[in-house]
Amino acid sequence: MDTASPPHAFPPEWRRGLYQAILKRRDMRHFLPDPVPDDALARVLSAAHHAGSVGFMQPWNFLLVRDRATREKVHAHVTEERLRAAEKFEPARRGKYLSFKLEGILEAPLNLCVTCDPARFGPAVIGRNTIRETDLFSTCCAVQNLWLAARAEGLGCGWVSILKPESLRRLLGIPEPVYPLAYLCLGFVESFPEKPTFETEGWLPRLGLKDLVYDGAWGRAPEPAFTDLLKDVQLI
Ligand SMILES: Cc1cc2nc3c(=O)[nH]c(=O)nc-3n(C[C@H](O)[C@H](O)[C@H](O)COP(=O)(O)O)c2cc1C
């Protein structure tokens, strides 16, 4: 086989598109007020719905939150939890943490809660016998698809997790045992930064890929030639 151009590989421009979406996806917290067009939203939701899921259980639902009054309640809860979280940081880092904008709940024209129903299709699910959380993992896959598709549509997406799932459940009327897995802000943006905010702001660095890859056993570095490749991967 020609391994440089395997038979089922995407043509170069498709590959570039995929890698562009991956590299240029950002967590967004600033939004323009323009509404999200229904057709783009439908495509983004469809991309999410095509994620892999354990046993094909498709445990997700997508709850659109457009109503201002509801978003204000979620925002008030997040503001409270953000201040509570600040106490966890050492005093030296607390100020920096509080300077970050960590959500765009009210600015974004649309909020969206992605939920996970652990009971979908009954108690027996292929592949979930030993790892119960695979329903949650599946829903995370849907969120990542949504995030990438949104980027391709020119829409920013920001994941807000500074909240208590129980509070979100109450505010959005989500029944047990459905779990509100991700609260997302969606909308057009002025621009997408090249790098994560936390990297630009010196909060944390991007780790080197070569230090994260082991071969054969935990902690064992791969062959030097492969390690060299990992030092400088060019996706696009
Ligand atoms: C599960 C999850 C929860 C997150 N929660 C928040 C959040 O509450 N507030 C926030 O500003 N960013 C949140 N983020 C975004 C991360 O901070 C962001 O992904 C990371 O800094 C890397 O930046 P990037 O997404 O732009 O590449 C979350 C991301 C994930 C995957």
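Reading from the N terminus, the elements of this chain go α-α-β-α-α-β-α-β-α-β-α-α. That makes eight helices and four strands in the secondary structure. Keep in mind that you're looking at a predicted model. A good place to start is strand 4, which pairs with strand 2 and with strand 3, and which also gives residues to the largest nonpolar core.

**The chain as a whole**

- The C-alpha trace spans about 60 × 50 × 40 Å along its principal axes.
- Out of 236 residues, 36% count as buried.
- Accessible surface adds up to about 14,200 Å², and carbon and sulfur atoms hold 59% of that.
- If you look at contacts with a separation of 6 or more, 79% of them are between residues 24 or more positions apart.
- On the charge side, there are 30 positive and 29 negative side chains, with the centres of the two sets 3 Å apart.

**Strand 4 and its partners**

- Strand 4 is mostly covered, with eight of its 10 residues buried.
- Strand 2, covering residues 110–116, runs antiparallel to strand 4, and seven bridges join the two.
- To find your way around that pairing, look for Val114, which sits opposite Ala182 of strand 4.
- Strand 3, residues 155–160, also pairs with strand 4 in the antiparallel sense, this time over six bridges.
- A handy marker for that pairing is Leu155, which faces Phe188 of strand 4.
- As a rule of thumb, side chains in a regular strand alternate between the two faces of the sheet.

**The nonpolar cores**

- The largest nonpolar core has 24 residues, and the members touching the most others are Val78, Ile105, Val160, Leu168, Leu172 and Tyr183.
- Three elements give two or more residues each to this core: helix 3 (68–86), helix 6 (165–172) and strand 4 (179–188).
- Helix 3 supplies the largest share, at three residues.
- Another core lies apart from this one; its 23 residues include Val44, Trp60, Leu110 and Leu181.
- In general, nonpolar side chains in soluble globular proteins tend to be buried together.

**Tying it together**

- Which residue of strand 4 stands opposite Val114? That's Ala182, and for Leu155 the residue across the way is Phe188.
- How many residues does the core lying apart from the largest one have? The count is 23, with Trp60 among them.

Terms used: Residues numbered from 1 in each chain as written. Predicted model: local features only at pLDDT ≥ 70, side-chain atom pairs only at ≥ 80, totals over all residues. Heavy atoms only, no water. Core = buried A, V, L, I, M, F, W, Y, C linked by side-chain atoms within 4.5 Å. Buried < 20%, exposed > 50% of the residue type's maximum accessible area, 1.4 Å probe, protein only. Pairing = 2+ DSSP bridges. Contact = heavy atoms within 4.5 Å. Areas by Shrake-Rupley, 256 points an atom, 1.4 Å probe, with all protein chains shown as cover. Lys, Arg positive; Asp, Glu negative; His and termini not counted. Charge placed at Lys NZ, Arg CZ, Asp CG, Glu CD.
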